[in-house]
Amino acid sequence: YSTSDMSGYDGFTDTSHVFVDMTVEDLAKAIDADSTIIVYFGFSSCPWCTEAVPILNSVAKAYNCLVGYIDTRKDKKWTKNTDLKDYDVLVEYLGDWLDLDDEGEKHLYVPDVFFIREGEVVFRHMGTVSGHDATERSMTGEECVELAEIYRQGFEELLK
């Protein structure tokens, strides 16, 4: 996988980050091969994603792991997560873990991080932390620590 271009994420300046480009097709192949991977879904203009990326990067570095990045706005024509190429395949593979939208359809919300051990999702975290609205304010230091701990739980699940 090639290193992801994370330059669109405001304030994220780590040039030796852990993110590598993935597609839904790559994800499906990895799951079919019983691989152990971490996959982050998001996009650079999402305020929650902008806050989550540096924290996920830091925790992943502590575990010496790469994180597959599926940019849900990679194509400028994609205006919602369901526009993502091969979205139907995503639902086929991760649908049991997705939330339902107002119409009762399985929907990917971001940021969403899946921790997959030997082809099975063992941990997932969507959003940042309870009570945080990124359109209103940045996370507090305490909330950043809380999100890092949530991500640590996911990495620990991979090690079991």
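## Briefing: salt bridges, core and backbone oddities

Asp14 sits in the partly exposed class, since its relative accessible area is 22%, and buried would need under 20%. This is a predicted model, so treat everything below as a reading of predicted coordinates. The tour starts from Asp14 and its salt-bridge partner, then moves on to the core, the surface and the backbone.

**Salt bridges**

- Asp14 pairs up with Lys61 in a salt bridge, and the closest N and O atoms are 2.6 Å apart. Lys61 belongs to helix α2, while Asp14 is in the segment before β1 (19-21), so this contact ties together parts that are 47 residues apart in sequence.
- Lys61 is also partly exposed, at 35% relative accessible area.
- How many salt bridges are there in the model? The count comes to 10.
- Lys80 and Asp83 make another of these pairs, with 3.2 Å from N to O. Both ends are partly exposed: Lys80 has 44% relative accessibility, and Asp83 has a relative accessible area of 24%.
- Glu149 and Arg152 form a salt bridge too, and their closest N and O atoms are 3.2 Å apart. This one stays inside a helix: both residues lie in α4, three residues apart, or about one turn.
- Glu149 comes out as partly exposed at 37% relative accessible area, and Arg152 gets that label as well, at 30% relative accessibility.
- Asp99, Asp112 and Arg124 are joined into one network by salt bridges that share partners.

**The nonpolar core**

- The largest nonpolar core counts 49 residues, and Phe19, Leu27, Tyr40, Phe41, Leu90 and Tyr151 are the ones with the most contacts inside it.
- Which elements build this core? At least two residues each come from α1, β2, α2 (47-62), β3 (67-71), α3 (87-94), β6 (112-117), β7 (120-126) and α4 (141-159).
- Helix α2 gives the most to this core, with seven residues.

**Three buried residues worth a look**

- Phe155 is part of helix α4. Is Phe155 buried or exposed? Phe155 counts as buried because its relative accessibility is 1%, and the cut-off for buried is under 20%.
- From Phe155 to Arg117 the C-alpha separation is 9.9 Å, with their positions 38 residues apart along the chain.
- Leu108 sits in the loop between β5 and β6, yet Leu108 has 0% relative accessibility and so counts as buried.
- Leu108 and Met126 are 18 residues apart along the chain, and their C-alpha atoms are separated by 9.0 Å.
- Met22 is a loop residue as well, placed between β1 and α1. At a relative accessible area of 8%, Met22 is buried.
- Where does Met22 stand relative to Gly131? The two are 109 residues apart in sequence and 30 Å apart in space, C-alpha to C-alpha.

**A negative patch on the surface**

- Six acidic residues form a negative surface patch: Asp32, Asp34, Asp88, Glu92, Glu118 and Glu120.
- One of them, Asp34, lies in the loop between α1 (24-32) and β2 (37-42), and this residue turns up again under backbone geometry.

**Backbone geometry**

- As background for this group, most residues other than glycine have a negative phi, and most peptide bonds are trans.
- Asp34 isn't a glycine, but has a positive phi of about 60°. Its place is that same loop between α1 and β2.
- Asp86 is another non-glycine with a positive phi, here about 65°. You'll find Asp86 in the loop between β3 and α3, and its relative accessible area of 25% makes Asp86 partly exposed.
- Which residues does the cis peptide bond join? Val110 and Pro111 are the pair, with omega at about -5°.
- Pro111 is in the loop between β5 (106-107) and β6, and Leu108 is placed in the loop between β5 and β6 too.

Terms used: Residues are numbered from 1 along each chain as its sequence is written. This is a predicted model: local features need pLDDT of at least 70, side-chain atom pairs count only at pLDDT 80 or more; totals for chains, interfaces and linings use all residues. Side-chain values use heavy atoms; hydrogens and water are left out. Patches are made of residues with over 30% relative accessible area and no salt bridge: like charges are joined within 9 Å, nonpolar side chains (Val, Leu, Ile, Met, Phe, Trp, Tyr) within 5 Å. Accessible areas come from the Shrake-Rupley method with a 1.4 Å probe; for residues, only the protein chains shown count as cover. A salt bridge is a side-chain nitrogen of Lys or Arg within 4 Å of a carboxyl oxygen of Asp or Glu. Lys and Arg count as positive and Asp and Glu as negative; His and the chain ends are not counted. The place of a charge is taken as NZ of Lys, CZ of Arg, CG of Asp or CD of Glu. Helices (H or I, at least four residues) and strands (E, at least two) are DSSP runs, numbered from the N terminus. A nonpolar core is a set of buried Ala, Val, Leu, Ile, Met, Phe, Trp, Tyr and Cys residues joined through side-chain atoms within 4.5 Å. Buried means under 20% relative accessible area, exposed over 50%, partly exposed in between (1.4 Å probe, protein chains only).
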